[in-house]
Amino acid sequence: MGFENKLEDLAVKLFTIDAVKFGDFMTKSGIKTPVYFDFRVIVSYPDIMELISTLLYDFSVKGSNCNHLCGVPYTALPVATLLSIRAKKPMLMRRKEAKGYGTKKMIEGHYKTGETCLIIEDVVTSGSSVLETVKDLNKEGLKVEEAVIILDREQGGRQSLESNGVQMKALFTMTQFIDILAKHKKITAETAENVKEYFRTTKAPATEEPVDRTALPYEKRAELATNQISKQLFQIMAQKKTNLCISVDLTSSTKILDLLEKVGEHVCLVKTHVDIIEDFNSEFVTQIKQLAQRFNFLILEDRKYADIGNTVALQYLKGLYRIGEWADCVTVHSLPGEGILKALNGSTNGVSRGVFLLAEMSSEGNLITPDYTKATVDMSAKYPDLITGFVCQNKDTFKDPGLIQLTPGVQLETSGDSLGQIYNTPEKVILEKGADIAVVGRGIMAAKSPETQAIVYKDALWKCYMKRISGQKE
Ligand code: S5P
């Protein structure tokens, strides 16, 4: 039997022995769930134990050059034992509690400082159990770079482990597991859909301190991004060494294209307001897309959608501008509620697109409240494939390191304009306010030489970012 068939066989067997149940349950991390895994029962089924160890061995342990194996107590302990024998690799055991007498060691077995250890676990939700084991192994000077698990509930565990330097390999993701059960008619298509919908929208609460996104380099954050546009943007920023977005608020298409010829190589993102261009036409779109290709930047149409979903879908795809056809991402207000995101999610026609949600604004006297900001961030959690990040002004507005903080209202001097815009300096927005990308409009466009000025902003912003990830405080 091939690997895939064995996997299917295992999923069905786990269902048959009640190691997976459907209903209303609570997980160890304290969240409600429509499906529950209890793999402890597998010890009563030698054939399943054998199948699991064969699969894990072929899938990962065979190819690993780690020095030790360690199972997370308790369910994974017997599985780790079988793998240790099969791979002829010594095992380590982590205690749940330190002994009350003699040595206070948490790790049993013989090992040397600097050796590597592969972790075995049954089910990962938030990743906290694996991380507890990693911490105890690290305290003993052992390195952990990999965790091999049976099932990933796809609720943030992978990201949490990766941000702690541990790569996770899973035999099944939750989605694959559910699909197999549906394929073999163990559950109905409706149950499968309900469960998948639940997993798409619910993340496990992190029990560990969440990572400080502003301390991570953009390369790392590209790996943690779930939206393709944020992934690409982080990669472009790291490659071109720029976190500058130019806001091209000009009313002539030739002037915009001329400006981009000069500043294109210094920016990661170009922000447009197409509805202010007096001579907008499809040729302009062709040309700006060519510049985007040539200089490797993405395009954000700052349309600030704010209507009901149905209207927004039409505004996005139809009319003079057909924004959905060319803009990599758009700005969106959360004001109308979730329907607006549902509409855009359904309008991407399978192409990678992104949304920056407005969580805060830079203008004086704007009506956004802290509750509105929080509700905006909460709303985004249901759309991990669509949300690129937030237009916001503060570091604490959101935590997810895979999302991007886009901050407008930036000039070299703290100041404002006569219509309520408030400006902060590059130092302030990057080091204090947590911006990942700074948006500069008139600060560059109004300069005698926009090109020279773009370089001044690029260098200042990048210097602050380098300082930020190196851990130096202002
Ligand atoms: O809160 C905001 C959100 C946005 S997107 N404040 C802003 O200023 N913006 C946009 O950023 C605004 O529409 C303009 O295009 C740009 C700032 O331009 P500047 O000339 O003031 O730098």
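## Exercises on a predicted model

An oxygen atom of the ligand lies 2.7 Å from an N or O atom in the Asp249 side chain. This model is predicted.

**Exercise 1.** Find which side chains place polar atoms by oxygen atoms of the ligand, and at what distance.

*Solution.*
- Step 1. Start with Asp249: its side chain has an N or O atom 2.7 Å from a ligand oxygen.
- Step 2. Go to Gln421. A polar atom of its side chain is 2.9 Å from an oxygen atom of the ligand.
- Step 3. Add Lys304, where the distance from a side-chain N or O atom to a ligand oxygen is 3.4 Å.
- Step 4. Apply the cut-off: a polar contact is a pair of N or O atoms within 3.5 Å.

**Exercise 2.** Work out how much of the ligand the protein covers.

*Solution.*
- Step 1. Take the ligand on its own: its accessible area is 490 Å².
- Step 2. Bring in the protein, which covers 91% of that area.

**Exercise 3.** Describe the residues around the ligand.

*Solution.*
- Step 1. Count them: there are 15.
- Step 2. Pick out those that come nearest: Asp249, Lys271, Ser362, Tyr423 and Arg442.
- Step 3. Sort the shell by class. Five residues are nonpolar, five are polar and five are charged.

**Exercise 4.** Explain how H1 and H2 meet.

*Solution.*
- Step 1. Locate the helices: H1 spans residues 3-16 and H2 spans residues 46-59.
- Step 2. Compare their axes, which come within 10 Å and cross at roughly 145°. The crossing is left-handed.
- Step 3. List contacts. H1 residues including Phe3, Leu7 and Leu10 meet H2 residues including Ile48, Leu51 and Phe59.
- Step 4. Class the contact: nine nonpolar, one polar and five charged residues.

Methods. Residues are numbered from 1 along each chain as its sequence is written. This is a predicted model: local features need pLDDT of at least 70, side-chain atom pairs count only at pLDDT 80 or more; totals for chains, interfaces and linings use all residues. Side-chain values use heavy atoms; hydrogens and water are left out. A residue is near a molecule or strand if one of its heavy atoms lies within 4 Å of it. A polar contact is a pair of N or O atoms within 3.5 Å; within protein, one must be able to donate a hydrogen and the other to accept it, and residues adjacent in sequence count only if both atoms are side-chain atoms. Accessible areas come from the Shrake-Rupley method with a 1.4 Å probe; for residues, only the protein chains shown count as cover. Ala, Val, Leu, Ile, Met, Phe, Trp, Tyr, Cys and Pro count as nonpolar, Asp, Glu, Lys and Arg as charged, and the others, Gly among them, as polar. Axes are lines fitted to C-alpha atoms, for helices over the stretch in contact, and angles run from 0 to 180 degrees between N-to-C directions. Helices (H or I, at least four residues) and strands (E, at least two) are DSSP runs, numbered from the N terminus. A crossing is left-handed if the near helix is turned anticlockwise from the far one by less than a right angle, and right-handed if clockwise. Contact means heavy atoms within 4.5 Å.
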